[in-house]
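Me: I'd like a close look at one part of this model, the nonpolar core. Could you start with the whole chain and then zoom in?

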Amino acid sequence: MKKKYSAGLVSKRFWFSEFKSYVQLKNEGYDDIDIKRKNDEENIFLANSINRQKEIYLNMKRRVNQLDEAGLKLFTSLDVDNQKIVNFITILFLDELLTEFMLEVYSDHLNRGNLQLTTMDYRSFFTEKSRSSEDIIKWKEYTIKRLIAAYKTNLSEAGLIKKDHDVTQIAPVLLDRRLVQWLVDQQRKDIVIALGGKL
């Protein structure tokens with residue numbers, strides 16, 4: 001069965017503070033309906049339009065619901081670096097293509113000791129994927145460009161890459177052992193590896 005890939009990440013942001021607020025509300029006992037009502041009445045994510053307000057809510061609901069009760073509780077006890085990684089992990093759970101990029105490019109670079117990540121690395125990844133995916137081969141050039149920009153932004157905001165002059169350096173976050181164990185419990189050792197963590 002062929003994998004279905006999406007370019008949906010181009011229209012989404014990292015939204016860490018919004019993610020953190022949603023998790024906090026969940027841990028306080030609010031359910032998704034309560035949070036929707038609260039957002040409708042109070043604009044809790046400080047969106048600049050009603051459409052954006054709804055968009056952020058729907059995306060946060062989808063991401064945060066990737067966490068089970070243990071994941072929600074764990075989040076509050078992690079440092080900020082690892083909390084950002086949890087947000088990124090929920091994006092990976094929902095985005096097969098980004099997960100494959102992390103495994104096939106990011107993690108591979110780390111294992112080979114090559115800590116530079118170039119635009120060509122991203123382009124080569126999409127070129128390779130287009131050979132086996134009917135979805136990707138149909139994407140326009142501007143879609144690929146926007147997706148590369150989205151990947152760079154998400155990696156940067158997750159703290160996994162840093163700009164050093166004109167060079168992008170891989171800067172893996174030291175994963176909290178409890179987070180590694182949680183991923184193992186979720187049957188997602190692949191994501192531990194993708195993030196450069198140790199099992």
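**From the whole chain to the core**

Reply: Let's start wide: the protein chain has 11 helices and 2 strands. Those names come from DSSP runs, with helices being H or I runs of at least four residues and strands E runs of at least two, numbered from the N terminus. Going from the N terminus, the order is α-α-α-α-α-α-α-α-α-β-β-α-α.

A quick word on ground rules. This is a predicted model, where local features need pLDDT of at least 70 and side-chain atom pairs count only at pLDDT 80 or more, while totals for chains, interfaces and linings use all residues. Residues are numbered from 1 along each chain as its sequence is written, and side-chain values use heavy atoms, with hydrogens and water left out.

Now the overall build. The C-alpha atoms fit a box of roughly 45 × 40 × 40 Å along the principal axes. The radius of gyration, taken over C-alpha atoms, can be held up against a globule rule of 2.2 Å times the number of residues to the power 0.38. For 199 residues, a compact globule would come out near 16 Å, and the 17 Å of this chain agrees with that. Of the 199 residues, 46% are buried, where buried means under 20% relative accessible area, exposed over 50%, and partly exposed in between (1.4 Å probe, protein chains only). As for contacts (heavy atoms within 4.5 Å), take those with a sequence separation of 6 or more: 69% of them join residues 24 or more positions apart.

Here's your core. In soluble globular proteins, nonpolar side chains tend to be buried together. A nonpolar core is a set of buried Ala, Val, Leu, Ile, Met, Phe, Trp, Tyr and Cys residues joined through side-chain atoms within 4.5 Å. The largest one in this model has 61 residues, and those with the most contacts inside it are Phe88, Phe101, Met102, Tyr151, Leu155, Leu160 and Leu195. Helix 5 (residues 80–94) gives the largest share of this core, 7 residues.

So who does leucine 195 touch? Skipping neighbours within four places in sequence, leucine 195 is in contact with Ile85, Phe88, Ile89, Leu92, Met102, Tyr106, Leu160, Pro172 and Leu175.

For contrast, try aspartate 190, which sits in helix 11. Aspartate 190 is partly exposed, at 26% relative accessible area. Outside its neighbours within four places, aspartate 190 contacts Thr99 and Leu103. Threonine 99 is 91 residues away along the chain, yet the two C-alpha atoms are separated by 8.6 Å.

Over in strand 2 (residues 167–170) you'll find threonine 168. Threonine 168 counts as buried, with 14% relative accessibility. Not counting residues up to four places away, threonine 168 touches Leu115, Gln116, Leu117, Ile161, Lys162 and Lys163.

Last, two backbone oddities. Tryptophan 15, in the segment before helix 1 (16–27), has a positive phi near 50 degrees without being a glycine. Glutamine 187, in the loop between helix 10 (177–185) and helix 11 (189–194), isn't a glycine either, and its phi is about 65 degrees. Buried or exposed, which label fits each? Tryptophan 15 is buried, at 7% relative accessible area, whereas glutamine 187 is exposed, at 67%.
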